[in-house]
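I opened the notebook to look up charged side-chain pairs and one serine in a structure. The model comes first, and my entries follow.

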Amino acid sequence: MKKILMASAAGIALTGAATAQEVTLGVLLGFTGPAESLAPGMADGAELAMSEVSASGNLLGGMTVNSVRADSTCIDAASATASAERLITAEGVNGIVGALCSGATIAALTNVAVPNGMVMISPSATSPALSTLEDNGLFFRTAPSDARQGVVMSEILMDRGFDTVAVTYTNNDYGLGLADSFAAAFEEMGGTVTLVAAHEDGRADYSAEVGALSSAGGDALVVAGYIDQGGPGIIRAALDTGAFDTFVLPDGMVGTSITDAFGTEIEGSFGQYPGTDSEGAEIYFGLAEQAGFDGTAAFSAEAYDAAALILMAMQAAGSTAPGDYAAHVMDVANAPGEPILPGELGRALELIAAGEDVDYIGATAVELIGGGESAGAYREIEVIDGAIETVNFR
């Protein structure tokens with residue numbers, strides 16, 4: 001892998017002492033594991049931004065962007081750590097888009113990225129624990145914290161007239177963080193949570209877990225699980241026993257594989273995942289369609305924005321070194337500056353090179369708050385005629 005070693009013709013100072021042609025970004029996602037069906041659309045989104053920047057020829061005097069994919073497996077901390085180490089030590093990446101799941105992100109960040117001074121921007125790790133994790137200013141996320149999702153989910157339930165629910169969550173950082181934030185918000189709004197119970201992924205039979213939830217009662221069951229693991233098992237057991245017929249589906253449970261599995265059996269179930277009805281979202285969906293993938297897939301737009309932010313921050317710093325550009329991520333993400341939408345990354349790089357400020361709106365109406373996480377907007381969905389339909393934005 002070529003290293004970035006000398007200044008560009010445009011006079012932008014790069015690190016090192018020889019000509020470089022290529023920037024490499026790692027795409028660290030759960031390509032296998034309990035959320036594997038979400039990873040392809042996310043990787044495609046990140047790589048669409050990279051391709052757009054490469055085609056523009058405007059990054060640091062004409063550098064192109066190369067992508068290297070690595071599997072975090074979502075919930076295996078050792079695998080996430082090993083994959084992040086490979087990206088940094090063997091592939092020589094200049095930044096990482098990922099990881100997908102919160103546990104994998106925490107492992108890769110604390111064990112590898114922070115000790116090696118590597119920037120990570122996750123499109124989908126939503127655990128509230130990441131808001132306070134010591135990251136040395138290297139970690140950002142384009143998906144909002146589950147502290148926000150818990151409030152939004154509570155509002156949706158209340159607006160739909162559900163004031164009594166049971167909750168099951170996958171027993172890890174993501175599930176526990178979401179379950180806790182939801183329960184607190186729902187009860188503050190006057191709702192009743194009859195039971196909050198963990199479930200383990202990978203079991204063949206969830207009848208015992210569903211039996212306990214059913215005994216506690218509730219008008220609906222919140223399934224804070226993973227779409228390709230325990231979540232569908234919980235739903236199947238609930239349907240087969242008649243325990244519940246309406247399910248609340250948070251972001252980790254929203255995708256076509258859930259309706260492929262259950263269709264009209266979960267008719268009327270509803271939920272939410274990050275998304276906006278902004279101009280940028282519609283533009284991104286069109287760009288994704290032209291590129292041959294579904295941009296409306298959960299967290300695909302957030303992945304595009306994550307890669308775009310890394311590359312614009314490099315331009316602002318005049319360097320591909322994470323230690324140099326990390327401090328510029330918030331600058332390019334927020335006002336003031338010229339608004340930048342999907343498809344305009346080349347123009348953004350031109351403006352930055354000319355010393356102008358940019359305000360990256362992107363595909364998800366990006367606004368980074370606090371230590372560098374999304375302020376948060378959500379797409380409310382419902383299963384109608386056996387398919388997931390968007391019914392509102394919040």
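These entries go through the salt bridges and then the surroundings of a single serine.

**Entry 1, ground rules.** I am working with a predicted model, in which local features need pLDDT of at least 70 and side-chain atom pairs count only at pLDDT 80 or more, while totals for chains, interfaces and linings use all residues. Residues are numbered from 1 along each chain as its sequence is written, and side-chain values use heavy atoms, with hydrogens and water left out.

**Entry 2, salt bridges overall.** I searched the whole structure for salt bridges (a side-chain nitrogen of Lys or Arg within 4 Å of a carboxyl oxygen of Asp or Glu), and the search returned 13.

**Entry 3, Glu373 and Arg141.** I looked up this pair and found a salt bridge whose closest N and O atoms are 2.8 Å apart. Glu373 belongs to strand S14 (residues 373-374) and Arg141 to strand S5 (residues 139-144), so the bridge ties together parts that are 232 residues apart in sequence. For the elements I rely on DSSP runs numbered from the N terminus, with helices (H or I) of at least four residues and strands (E) of at least two. Both Glu373 and Arg141 are buried, where buried means under 20% relative accessible area, exposed over 50%, and partly exposed in between (1.4 Å probe, protein chains only).

**Entry 4, Arg394 and Asp159.** The side chains of these two residues meet in a salt bridge with an N to O distance of 3.0 Å. Since Arg394 sits in the segment after strand S16 (387-393) and Asp159 in helix H4 (residues 146-159), the pair ties together parts that are 235 residues apart in sequence. I noted Arg394 as partly exposed at 24% relative accessible area, whereas Asp159 is exposed at 57%. Both residues also appear in a salt-bridge network that links Asp159, Arg160, Glu380, Glu382 and Arg394.

**Entry 5, Glu209 and Arg203.** Here the salt bridge has an N to O distance of 2.6 Å. Glu209 is buried, with a relative accessible area of 13%, while Arg203 is partly exposed at 46%.

**Entry 6, Ser145.** Where does Ser145 lie? I placed Ser145 in the loop between S5 and H4, and its relative accessibility of 6% counts as buried. A polar atom of the Ser145 side chain lies 3.0 Å from the backbone nitrogen of Ala147. Leaving aside neighbours within four places in sequence, I listed the residues in contact with Ser145 (heavy atoms within 4.5 Å), namely Thr126, Ser127, Pro128, Ser131, Glu373 and Tyr378.

Note on methods
A polar contact is a pair of N or O atoms within 3.5 Å; within protein, one must be able to donate a hydrogen and the other to accept it, and residues adjacent in sequence count only if both atoms are side-chain atoms.
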